[in-house]
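The following paragraphs lead through a structure step by step. Please keep the sequence and the view of the model at hand while reading.

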Amino acid sequence: MLQDALRVYRFTVRPRSATDPRSDACLADAHALGFTGIQSIAVQDLYFIEGQLTPEDQKALAERLLSDPVTQAVQIGAVADGAQAGRQVWVVETALRAGVTDPVAEQIVRAARVMHIQGVRRASTGQRFLIHCPTLDEEGLHLLAKRLLANPVTQRYELGSIEPSFPSEAEASARVDRLRICGCDDEALLALSQERRAALDLTEMRAIQRYCEAEGRDLTDIEFEMIAQTWSEHCVHKTFKARVEIENYADLPAQFKGAYPGGVVDNLMRTFLKAATDRIAAPWVRSAFVDNAGIVAFDGANEISFKVETHNHPSAIEPFGGANTGVGGVIRDVLGVSARPIAATDVLCFGPQELPFERLPEGVLHPRRIFSGVVAGVQDYGNKIGIPTVNGAVLFDEGFTSNPLVYCGCVGIAPLNLHRRTPHPGDRVVVIGGRTGRDGLRGATFSSMTMDAQTGEVSGASVQIGAPITEKGLIEVVVRARDEGLYSAITDCGAGGLSSAVGEMSSSLGAKVELSDVRLKYPGLAPWEIWLSEAQERMVLAIPPKNMARFAEICSVFDVELTDIGEFTAGGRLVVTYSGKAVLDLDNRFLHHGIPQRNLKARIPLAAGHCPGEDCCRGGYTENVDYTAGLLALLSHPNIASKAGVVRIYDHEVQGGTLIKPLTGAEDDGPSDAAVLRPLGAVGPHAIVLSNGVNPEYGKLDAYRMAASVIDEALRNAVAVGADPARISLLDNFCWGDPTRPETMGSLLEAARACYETALLFGAPFISGKDSLNNEYLAADGLRHSIPPTLVVSALGVMDDLSKAVSMDLKQAGDALYLVGRHDPRLGASHYRLAGGAQEAYDGEVPPLDASAPAVYRALHAAIQKGLVRACHDLSEGGLGVAAAEMCIGGRLGAEIELAGGEPLCALFGETNGCLLAEVRPEHEAAFEAAFEGLSFQRLGHVRGDEEFRVSMNGRGLIDLPVAALVRAWKREG
Amino acid sequence: MHKPRVLILHATGTNRDLDAAQAVELAGGQAEIRHVNQLRSERTRWEDFQMLVVPGGFSYADALGAGKLMALDLTSYFAEEVNAFVDAGKPVIGICNGFQALVKAGVLPGRSDVQATLTFNQSGHFECRWVRLLPRSETCLWTRGLTEPVDCPVAHGEGRFTLADAARLAALLAAGQVALVYAGPGGRAAEGVYPHNPNGSIGDIAGVCNPQGNVLGLMPHPEDHILPHQHPRWTRGAGGCLGLKLFQNGMKAL
């Protein structure tokens, strides 16, 4: 085909009906962002096809492919802009930037071939918005476009018609630069690190210089980029492995001194996290901290793997793509231990949804937009790939305005002993999945840096949109190849791309790779870009040559592309060539073990846990409290209120195994403590339990108690639905600020120490973990904005008999209500204080963890196993009052609760660890009480049949509300 | 006795094929999942199968409309095979994305005087929740003889059954082609009320069959309610009719 005969054809698709849900939703978003003068927005789809098409081809594409003739109309060619029927209508059009993954465009090209239309060469997509707003001027329109219609990181917009862009092919490839390192002074070394955004410090740069001098040469750009990636915080966790000296050791009280012998922590990951797992030595832990995911035994025939990752920085810049690829990335982690993914989890932390624009730092997307983008990104990936999203949390705090947190988890199942993890010399280095583009360059180093107002622009290439269907193909291929024993090792391509994946796999061997064999989305990539690209949906496998033919056959059935890019060697060196010419030749020992240990300083926060200030739980008494208003305010607090709007747009039913669902009860809307799943392929009546614990409010006040509290929360959530407390494993995910600040490092140490001590207390080992540091934002005002220290603990439980599972909704009038565990509430950083907007929210203490909690959970589990518990729900945010109210909401039944004593406000809304509420049939009361002999428990009252929620103390009524009022508050219905 | 062989189609992006296979096996069939690419390259004889399932998922990522590109596969590569299957009166069921594909391929509702599609939910978003279905057709072999409402989940964003000419609903009803409708409280139809009718379908339609009654398409997932513990209120002692009943009916028709 002649180049000059190519044309770009434009197709505009609009709904036939005057009412269009998508347009309505866009209008609602615009109003929510403050563009209240807009009367209507019509959203239309744009398709651009480059090629040579006959009029018949154009018509066929328009009617058979690009539109639904029943509901949509198509216009081919240019569309008149401007005035419509005499009213001012603005037009904004958006299109993807060149090189951003566009799965729809790929399908257009493929489908045209299926339709025997040969003239289609390339395609791209966009959207057209018709905005009716008499009060909007051009400036306002730009604002609307930037805030709602287009994200500059992945999209362009125009007022009026837009021209599509296709990736440029003009740039030179095969270019390798040599970087001067030998003989450079410190200043030059740091300048090089800065210039290439390598995030390496001077000690590390000097180590690289020593290596260069020993080898007698400078480095190529690809060599330097690979070292920066391999040594990045994201990939090597240098903070968690650092030697940390405690600055204020001399001032510490005796009990702290004992916890930090000598005032030094050498490698906190080993000292506090792995050490707990080693000491617990649970026989059912099959793999902890070594693989892509932690692995535990399950039903005698299968093992379960679990991994949680964060994708914070990308989600701050491009919320949809960031969350989307966060989900995709953690799914590949599970695939990387040869497991079939069976469940997804997500914990999301955002800034306040009502934040005024004046308070928004420059260069930061509004929390509302980040929320909707992130939730849509999780939905898109999980739903399309067919993995049920079954557990999670959504939290709001101003500390997350600039740095939202996106924790994505994935659970997998695999038959025992089929995962292989040792490549052999001679095995082929095989890449499968999506093609490589310029997307996601330097993501590993980018995520290890503090962001500033320019980050979005400079690092735009660090985010990408996922292609869940491509990854679905990887699942199909890997599971079959695993069952047939076709590969000897496998890993995912995540941060750092091929550099990281091939680098890790060959770290104890060596490898030779030819980069020009890597399949590209478009030409023009330099070798270092191919090597470092974080293009999604790729896995690397080590495949013995004799299995290549069969493996290729499986790939072709599932439309998965395969590329053989080299072989594993015994040499101990990694050699990368481009068209036969060596561009990288590094010693594996230096690459993987040459990084100098980082030295950091910590300042242990002394006030933690001993906060002065008024706390009514410590003896005071609060007068004139409106308990009813307090309860309703708590129920409608964004952190506590119903998350149905999020939960329901995730498919939590696919794979048919979700037995305790995220929402439960008489009207399917009560908040479950945890999910219970029976995976497809499980043997017998075994089930798994998934839960989490998170509390950034506690983190602001006391990192130690925060960490202990969230571990306890994850465990008690799991136990509440029926998990055996002796069979629960944990995952830690730390999101913290800049660890080079001693205060930040000090709180990190304290949290890690709490992990160690709490894990031992419960006998619950950590099997995997991850950290995301530098969650700080340097705003244009010159001030640093840091997130609250936020540890998410995810729990994976096992139960032997799924029919013993318990939900949280009250079941029947007349049943007894018990509170089990030592109720020792506190109001420091409590949601009662937050909901009231009180100044003194962070006065007082964070609840401690009582040493009796493990015994309480064992007793509760025994009672559940005997069928004595009809409903169970844990006390968390909002304390006893909220827990009881939620059980009533779940069951649409009332309750009569008589508080035993103490200060009423604290007893009702103070927060505590280690406690749960249980509903017990009258005939089981004696047996239930016997199960708790020697432990703290109280019979609080009973379930009412008349839908009245009543709380009293010493005969004095505190709350009397119909359950319908609780439901309205909790659903925020006016 | 040989188990009936059931062909379960898998296009790139199909994801409820294993769920469907489990339901088919429990109903007494032999489930055989085949990727469209396998069917094209291997000489699979469609006539060796007694039943066809087009399962749920996001075939080709729902690009250009849910089920659209899988429909293109069906009409481009397998038109003869599908027509032969349908004309032979063999049971065919399309679930969710499979329903969307059968409608967009013109197999359902299967009459030239009714133009239908499945489009975006009225709510404007994907939704996952359990619904109750009222069986309404004796023409449809999949719902024939069912008297109890069937409980099962929906999980879709483009499930709103829509007619180019709303007046043609009467023709579908008269022909017994409205096989399943969404139920509201009290055992009556949902009458368009959200969330009982989760997507705004005309006539509360959850499932339609072809005029012969052997091809059923439905948005909800009967294959995800084949065991009592899958029901959302099993801990409250609630049951509801299993979606498995539909598959058992399909088997009974063989």
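In this predicted model, the C-alpha centres of domain 1 and domain 2 of chain A lie 52 Å apart. Domain 1 of chain A covers residues 3-159. Domain 2 of chain A is assembled from two segments, 600-635 and 806-974.

We turn next to a sheet in chain A. Six strands of chain A form an open sheet in the order S11-S12-S13-S16-S14-S15, and their pairing is mixed. In general, the strands of a sheet pair through backbone hydrogen bonds, in either a parallel or an antiparallel manner. Which strands stand at the edges of this sheet? They are S11 (285-287) and S15 (389-396) of chain A. Each of these two has a single partner strand, so one side of each is left without a neighbour in the sheet. On average, neighbouring strands of the sheet are turned by 20 degrees against each other when direction is ignored.

The edge strand S15(A) pairs with strand S14 (residues 340-350) of chain A in the parallel sense, over seven bridges. Within this part of the sheet, Cys349(A) stands opposite Leu395(A) of S15(A). A helix is added here: H13 (residues 367-385) of chain A packs on the sheet and touches S14, S15 and S16 (405-415) of chain A. The direction of H13(A) makes about 180 degrees with that of S14(A).

The next subject is the contact between the two chains. Chain A and chain B contribute 47 residues each to this contact. On the side of chain B, at least two residues come from each of the helices H1 (17-26), H2 (36-41) and H3 (68-77) and from each of the strands S5 (116-119), S6 (127-135) and S7 (150-156). Strand S6(B) gives the most to this side, with four residues. By class, the side of chain B that touches chain A has 17 nonpolar, 23 polar and seven charged residues.

One pair of helices deserves a separate look. Helix H3 (residues 103-114) of chain A packs with H3(B) at an angle of about 15 degrees, and their axes are 11 Å apart. Angles under 35 degrees count as roughly parallel, and H3(A) and H3(B) are therefore roughly parallel to each other. The crossing of H3(A) with H3(B) is left-handed. Gln107(A), Ala111(A) and Val114(A) of H3(A) make this contact with Leu69(B), Leu72(B) and Ser76(B) of H3(B). Four of the residues in the contact of H3(A) with H3(B) are nonpolar and two are polar, while none is charged.

Note on methods. Residues numbered from 1 in each chain as written. Chains lettered and ligands numbered in written order. Predicted model: local features only at pLDDT ≥ 70, side-chain atom pairs only at ≥ 80, totals over all residues. Pairing = 2+ DSSP bridges. Axes fitted to C-alpha atoms, helices over the stretch in contact; angles between N-to-C directions. Contact = placed C-beta atoms within 7 Å. Nonpolar A, V, L, I, M, F, W, Y, C, P; charged D, E, K, R; others polar. Parallel < 35°, antiparallel > 145°, perpendicular 65-115°, else oblique. Left-handed = near helix turned anticlockwise from the far one by under 90°. Domains from an automatic or database assignment.
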